[in-house]
Amino acid sequence: MKKKTLFISLIIVTILIITFSLLYKEYFPGPAKIAYFKVNPDSVNISFYWKTNGENIKNIGKLRKVLEKQNSKLIFATNGGMFDEKLSPIGLFIENGELIKPLNTKVLKSEEKGTLPNFYLEPNGVFYITQEKRAGICKTSAYPNVSNVKFATQSGPMLVIDGEINKIFDPNSLNFNIRNGVGILPNNELVFAISMNKVSFYDFARYFKEQGCSNALFLDGYVSKAFIPKQGIEQIDGELGVLIGITEK
């Protein structure tokens, strides 16, 4: 009887240890593991995609097939901003110079901020490419001053603003999640990044600051995907809204 009791006790202890380990990993996932892709907009073709023939592209796998039919080779892709249940962009979306969705300047009321969606964390921003292939990231409030835009997507919050981490982020936050974003360097190069483990907003923003980004924008959270074949990352499934795709020039 004592042996049976001891055996059951060992099983219970083992289960508790495993449960604790899983919970610890969930709430304290460790140092941020970031995969990134740096590129000069002048050396490649950067385009934003949403639909083809009137239907949502939805994921990177479908985007790659669409581009293959156009004899274009996809070398990088990621999802480019938040979307609703119909996979429609929540904010601004410009494709090939055409305004598809207008700028979203809505500010939620203070009583709503207990469940404030990431898009509405202040300030949110816009990532854009001009007709001259100049890349830019700016706060939504500054976007109306931008002209000659070929592609644009709105998301939020801003991660880095004028070289500094967004002050709304708490270094001790336990809000960990998969995250992806884009930053711009002083030489106009772009840095796309996605976390391979769950990270806080602060640690994710710190990555872009340490890279030297003047501005950086959060694109999305747990649904985020990336296609970086040179690094063995090919997350081509899922149901997404706007996609950012880079092809060889």
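Ala, Val, Leu, Ile, Met, Phe, Trp, Tyr, Cys and Pro count here as nonpolar, Asp, Glu, Lys and Arg as charged, and the others, Gly among them, as polar. The structure is a predicted model, in which local features need pLDDT of at least 70 and side-chain atom pairs count only at pLDDT 80 or more, while totals for chains, interfaces and linings use all residues. Residues are numbered from 1 along each chain as its sequence is written, and side-chain values use heavy atoms, with hydrogens and water left out.

**Exercise 1. Describe the linings of the two largest pockets.**

Step 1. A pocket is found on a 1 Å grid over the protein atoms alone, as an open set of points where a 1.4 Å probe fits, with protein on both sides within 12 Å along at least five of seven lines; lining residues have an atom within 4 Å of a point. Grid points are joined across faces, edges and corners, and the volume is the space filled by probe spheres set on the points.

Step 2. The largest pocket holds about 200 Å³ of space. Its lining comprises 16 residues, and Lys106, Val107, Glu122, Asn124 and Thr140 lie nearest the centre. By class, this lining contains seven nonpolar, five polar and four charged residues.

Step 3. The second largest pocket has about 150 Å³. Among its lining residues are Phe37, Lys73, Ile75 and Glu248. Four nonpolar, one polar and three charged residues form this lining.

**Exercise 2. Locate strand S18 and identify its partners.**

Step 1. Helices (H or I, at least four residues) and strands (E, at least two) are DSSP runs, numbered from the N terminus. The chain has three helices and 18 strands.

Step 2. Strand S18 spans residues 243-248, and five of its six residues are buried (under 20% relative accessible area; exposed is over 50%, partly exposed in between; 1.4 Å probe, protein chains only). Strand S18 is therefore largely enclosed by the rest of the structure.

Step 3. Two strands pair if DSSP finds at least two bridges between them. Strand S2 (residues 44-49) pairs with S18 in the antiparallel sense over six bridges, and Tyr49 has Leu243 as its bridge partner in S18. Strand S5 (residues 74-79) is joined to S18 by five bridges, also antiparallel; here Leu74 is partnered by Thr247.

**Exercise 3. Determine the surroundings of Phe192 and Ile236.**

Step 1. A nonpolar core is a set of buried Ala, Val, Leu, Ile, Met, Phe, Trp, Tyr and Cys residues joined through side-chain atoms within 4.5 Å. In the largest such core, of 29 residues, Phe192 is one of four that touch the most other members, with Phe48, Phe127 and Leu190.

Step 2. Contact means heavy atoms within 4.5 Å. Not counting residues up to four places away in sequence, Phe192 touches residues including Phe76, Phe127, Ile244 and Ile246.

Step 3. Ile236 is placed in the loop between strand S17 (233-234) and S18. Ile236 counts as partly exposed because its relative accessibility is 29%. Leaving aside neighbours within four places in sequence, Ile236 is in contact with Asn59, Ile60, Gly61, Arg64 and Phe227.
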